[in-house]
Amino acid sequence: MSNAEHLATVMVNAFIDAVDRGVDVVPVVADSTSTAKIAPFMQKFPGRLVNVGIAEQTLVGVASGLALAGKVAVTCNAAPFLIARANEQVKVDVCYNNTNVKLFGLNAGASYGPLASTHHAIDDIGVMRGFGNIQIFAPSSPLECRQIIDYALAHVGPVYIRLDGKALPELHDESYQFQPGAIDVLRSGDEIALVALGSTVHEAVDAAAQLADLGIAAKVISLPSVRPLDRDALAAALSGFKAVITVEEHNINGGVGSIVAEVLAESGTGARLKRLGIADGDYAIAADRKEMRAWHGIDAAGVVKQAQALLAR
């Protein structure tokens, strides 16, 4: 499907609509108004946005204070700086104290491409999974993103939403309904299962189409909801497969690869697993997305190659 849209634009429109219907949303940015594409919100609601400057620890602390004062506080800044610079504040001010803060990790993964590892967030899911008491989501399409944000704004408690930094095409029709914890089976198949997270779901979908042309039926599963997650449903969806591949623009440790490995082990499912992502001990290379994904084998071609290798064993 087409209808590509930048997820930050989806985010801002969701904020505007929420305030229009009476939700007391207060965005907090760290000199990241352009990154957040927040100008339309600022124009419609002047004085409602808080800009703390380049001070991510202050960003999270201020958001927590706003939440304690009854606001629905949303932080909007680049994922690598939110996760790394404000780590302790996220852990203590948001998670441990159970404040009603919604953390948006913008331009996650290697969205910043040539700006290299200082600007890449390939560990954010792993870090957030290590914190208690925070829900974690990674939308793969504009419609799913909007539904996740609407849910998060209504949910009382900490939420982290990982947003890609590029426009993503639509994967779902209007009948789609996001459910926290649910897996999203995008394509049926009985020979190999592909499980992906966020924007790499598109690589898995493309890979499945290419595999179908080769006579290989691949099932595609997206995990938009990292926590909560219906692990029994994921185990059931992977049952009967001899081979499973996970795909993520994240280190293979801590993200979807680790989740699937845990589920397979705990359920006793004897599938061969190949985790595709940024390898253990590595950083994502400094390059545009197409080149970076090809280098690390997390594009559709890399998924097809690994699927063929797994099935040949």
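This is a short walk through one protein chain, from its overall form down to a few single residues.

Hello everyone, and thanks for coming. Before we start, please keep in mind that what you see above is a predicted model.

Let's begin with the whole chain. It holds 13 helices and 14 strands. If you draw a box around the C-alpha atoms along the principal axes, that box is roughly 60 × 35 × 35 Å. How does the radius of gyration compare with that of a compact globule? A compact globule of 313 residues would come out near 20 Å, and this chain has 19 Å, so the two agree.

What share of the residues count as buried? The answer is 56% of the 313. On the outside, the chain exposes about 12400 Å², and carbon and sulfur atoms supply 49% of that area. There is also a nice number on how the chain meets itself: take the contacts between residues at least 6 apart in sequence, and 78% of them join residues at least 24 apart.

Now to the strands. Seven of them, if you follow along on the model, make an open sheet in the order E3-E2-E4-E5-E7-E6-E12, with mixed pairing. The edges are E3 and strand E12, residues 225-227, each of which pairs on one side only.

Let me step through part of that sheet, starting with strand E2, residues 25-29. Here 5 of the 5 residues are buried, so E2 is largely enclosed by the rest of the structure. Both of its faces are covered: Val25, Pro27 and Val29 are buried on one side, and Val26 and Val28 on the other.

Who are the partners of E2? Strand E3, residues 50-51, runs parallel to E2 and is joined to it by 2 bridges. E4 also runs parallel to E2, and there the number of bridges is 4. Valine 28 is a handy marker here: it stands opposite valine 50 in E3 and opposite threonine 75 in E4. From threonine 75 you can carry on across the sheet, since that residue stands opposite leucine 103 in E5. E4 and strand E5, residues 101-106, are parallel and share 6 bridges.

While we are on E4, have a look at asparagine 77, which sits in this strand, residues 72-78. Is asparagine 77 buried or exposed? Its relative accessibility is 2%, so it counts as buried. Setting aside residues up to four places away in sequence, asparagine 77 touches Ser32, Glu56, Leu59, Leu82, Phe104, Gly105 and Leu106.

Threonine 99 makes a good companion to that one. This residue lies in the loop between helix H6, residues 87-96, and E5. Threonine 99 also has 2% relative accessibility and therefore counts as buried. Its contacts beyond four places in sequence are Ser64, Ala67, Leu68, Asp93, Val94, Gly157 and Pro158.

Next, the aromatic rings. How many aromatic pairs does a search of the whole structure find? It finds 5. One of the pairs is phenylalanine 137 with phenylalanine 178: the ring centres are 5.6 Å apart and the planes meet at 85°, so this is an edge-to-face pair. Phenylalanine 137 belongs to strand E6, residues 135-137, while phenylalanine 178 is in the loop between strands E8 and E9, so the pair ties together parts 41 residues apart in sequence. Both of these phenylalanines are buried, and together with Tyr151 they form one aromatic cluster.

Let's move along to strand E10, where 5 of the 5 residues are buried. Ile192, Leu194 and Ala196 cover one side, with Ala193 and Val195 buried on the other. E10 runs parallel to strand E11, residues 218-222, through 5 bridges, and alanine 196 stands opposite serine 222 there.

E10 brings us to our last stop, helix H13, residues 300-312. With 13 residues at 1.5 Å a residue, H13 should span 18 Å, and its end C-alpha atoms are indeed 18 Å apart. Which residues of H13 are buried? They are Ala300, Gly302, Val303, Val304, Ala307 and Leu310. An α-helix has 3.6 residues a turn, so residues three or four places apart point the same way. The buried residues of H13 pack against E10, helix H9 (200-213), strand E13 (243-251) and strand E14 (272-278).

That's the tour. Thank you for listening!

Notes
Residues numbered from 1 in each chain as written. Predicted model: local features only at pLDDT ≥ 70, side-chain atom pairs only at ≥ 80, totals over all residues. Heavy atoms only, no water. Expected span 1.5 Å × (residues − 1). Buried < 20%, exposed > 50% of the residue type's maximum accessible area, 1.4 Å probe, protein only. Contact = heavy atoms within 4.5 Å. Phe/Tyr/Trp six-rings, centres within 6.5 Å; stacked < 30°, edge-to-face > 60°. Pairing = 2+ DSSP bridges. Rg over C-alpha atoms; globule rule 2.2 N^0.38 Å. Areas by Shrake-Rupley, 256 points an atom, 1.4 Å probe, with all protein chains shown as cover.
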